[in-house]
Amino acid sequence: MSSTVANLEVKPAGAKRKHADRVLLSVIGYVTLTLLALFCLFPFVLILSSSLTEESSIIQYGFQIFPKAFSTEAYSLLFKYPADMLKAYSVTIFVTVVGTSCGLFLTAMTGYVLSRRDFKWRNHFSFFFFFTTLFSGGLVPWYLMIVNNLHLKDTILVLILPLLMNVFYIIVMKSFMSSIPDAINESAKIDGASDFLIFRKLIVPLSKPALATIGLFIALAYWNDWYNALLFISNSDLMPLQYYLYKMLGNMDGMRKAMMETGVVVNMDLPTESLKMAMTLVATGPVLVAYPFIQKYFVSGLTLGSVKG
Amino acid sequence: MNRHGFWSDVKKYKTLLLMLTPAVIFFLVFAYLPMAGIILAFKQYSYTGGVFGSPWNGLDNFRFFFNSGDAWRVTRNTALYNIAFIVVNNVLQIFAAILLFEAVGKWFRKLAQTAIFLPYFISWVVVGAIAYNLFNYDVGTLNVLLKGLGMTPIDVYNTPSYWPFILVVVSAWKALGYGSIMYLAAITGIDTEMYEAAEIDGANIFQRIMKITVPNLMPTVIILVLLAIGNIFRGDFGMFYNMVGNNGLLFSSTDVIDTFVFRSLTTSNEIGMSAAAGFYQSLLGFGTIIFANYAVRKYDKDRALF
């Protein structure tokens, strides 16, 4: 501060240097961020080009960023016998749609009750939910309960229920709804509206940004889930997409068998390597396509979450 | 008098309580009931007896777990990996966030952000496929490159010593977007008047970053790091399982508590011992998170979890 006057006097030289510093930082910034962006995108390009490489070329030269021999064989095979993939797709879509709508509704409703400042036990219930993030019984009791007590093994419900609600989302929802003025609750109550009606008619419409964000987080979790299937699903009719991909990646014999069941005559050699990569892309496709449009909701979700309620 | 008060409150909050009921049942069933199942850690599990009917065996499960040498190995791996992830990921994310904010134009910022956030959206299974593409001995891209450079190909899936490095890079890759956007939001929240004051004082852009941006970011960094330390004994199962799977050759450097518990449960069927290992992890986790919260509370009361 004391040097303000002095600085004013040397401004021309200082300004020049400052300008040079800015240029230097810009160079560092553009170069580094371009490299980081390429680092993040590179694997996707690699998967794409590998899936479009002729199998014999992969066997001979390995995966390559620029294919030596271009071929759409893997994709045509996938789309020629799509039964298994479609089945996995429909399981995932069903689970995602049902799980997200139920989960979002319950998360919002729970968040709303906890956001009500006039609710006497809000802190007790908040702690009841929050404690589950601090301590858990571990995998084994949880697993045994689902299998032996709830008998959910090999049911579609086991793909939905475990991901239905998440304390973190409830807290984000609660803090968002806490920012809605109390006056809205008060005046609606004076008009004789029930708590549920207030939630449905007033709070839900006002919470659209939070609902969109949390809904997408829940949907992404369902879409990418393979863990519950790994633990609980052995029936191939109930395999969700990511788990199906997991199985296929690890087990070429399984892939061959599956292809045989669906009618592919496997005297020919399957283009296994390019097929693995093609399957990976097809399983990720919808997320990659939706990504540019949904990205901003996730960004706002991160900032929602960093505001403590 | 008190009881009367309670029941009239129940009546008063009838609708709100009803609205909470599904969530309460959900967490009772999926979180609190399994907590009771912790007693399995002290039992000799049998399928006929189940959780409550199986005979007690004291601390045998724990003795087995600790005497096998697995306990130390998986605990050490879990903690060391998480420490490496915390350090590398945060440094990289802060660095990227500062550059995104200070060094580049708006249009490029959007573009770069879109690119680095993408890995966050894909499942660990897909990451496993990418790893396969890169590291497969015969056809993997890495060995293609090495051969192209006239070097000997390396057998990644048979060499435990490569994996700490690989897993740190993969973790950084997946978390870069999420973290840098979070830090970017924190930087955006810094009072612009401070920047103007620095400008008037003749600070150059590097001084501005080091004297204003970084110090103002520190509270956020400290909180996030402390909370991450609270989870230091929780391994990211999805990552380890999809990158390494059941490849026993790599366990010495890649096995974490979560993968160990999973394997003991599903492949070797040692129910009692895996319950004991899980309970041990829960206790460690509970201890560290209480400690982390205490530290956060000391640092900034308002940002503590509880």
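Visitor: Is B:Thr188 buried or exposed?

Guide: In this predicted model, the relative accessible area of B:Thr188 is 52%. A residue counts as exposed when this value is over 50%. B:Thr188 is therefore classed as exposed.

Visitor: In which helix of chain B is B:Thr188 found?

Guide: The helix in question covers residues 163–188 of chain B. B:Thr188 belongs to that range, and the helix is H9.

Visitor: What distance separates the C-alpha atoms of B:Thr188 and B:Phe101?

Guide: Along the chain, B:Thr188 and B:Phe101 are 87 residues apart. In space, the separation of their C-alpha atoms is 7.7 Å.

Visitor: How many helices and strands are there in chain B?

Guide: Helix H9, which holds B:Thr188, is one of the helices of chain B. The count for chain B is zero strands and 15 helices.

Visitor: What is the radius of gyration of chain B, and what would a compact globule of 306 residues have?

Guide: The C-alpha atoms of chain B fill a box of roughly 75 × 75 × 35 Å along the principal axes. For a compact globule of 306 residues, a radius of gyration near 19 Å would apply. Chain B, by contrast, has 25 Å.

Visitor: What percentage of the residues in chain B is buried?

Guide: A residue is buried when its relative accessible area is under 20%. Applied to the 306 residues of chain B, this gives a buried share of 53%.

Visitor: How far apart do the centres of the positive and negative side chains of chain B lie?

Guide: Chain B carries 21 positive side chains and 17 negative ones. Each set has its own centre, and the two centres are separated by 9 Å.

Visitor: Into which domains is chain A divided?

Guide: The division of chain A gives two ranges, 4–61 and 82–250. Taken over C-alpha atoms, the centres of these domains are 39 Å apart. The range 4–61 is domain 1, and the range 82–250 is domain 2.

Visitor: How many helices and strands does chain A have?

Guide: Chain A consists of 309 residues, of which 52% count as buried. Its secondary structure comprises zero strands and 16 helices.

Visitor: What share of the contacts in chain A with a separation of 6 or more comes from residues 24 or more positions apart?

Guide: In chain B, residues 24 or more positions apart account for 64% of the contacts with a separation of 6 or more. For chain A, the corresponding share is 74%.

Key. Residues are numbered from 1 along each chain as its sequence is written. Chains are lettered from A and ligands numbered from 1 in the order in which they are written. This is a predicted model: local features need pLDDT of at least 70, side-chain atom pairs count only at pLDDT 80 or more; totals for chains, interfaces and linings use all residues. Side-chain values use heavy atoms; hydrogens and water are left out. Helices (H or I, at least four residues) and strands (E, at least two) are DSSP runs, numbered from the N terminus. The radius of gyration is taken over C-alpha atoms; the globule rule is 2.2 Å times the number of residues to the power 0.38. Buried means under 20% relative accessible area, exposed over 50%, partly exposed in between (1.4 Å probe, protein chains only). Contact means heavy atoms within 4.5 Å. Lys and Arg count as positive and Asp and Glu as negative; His and the chain ends are not counted. The place of a charge is taken as NZ of Lys, CZ of Arg, CG of Asp or CD of Glu. Domain bounds come from an automatic or database domain assignment.
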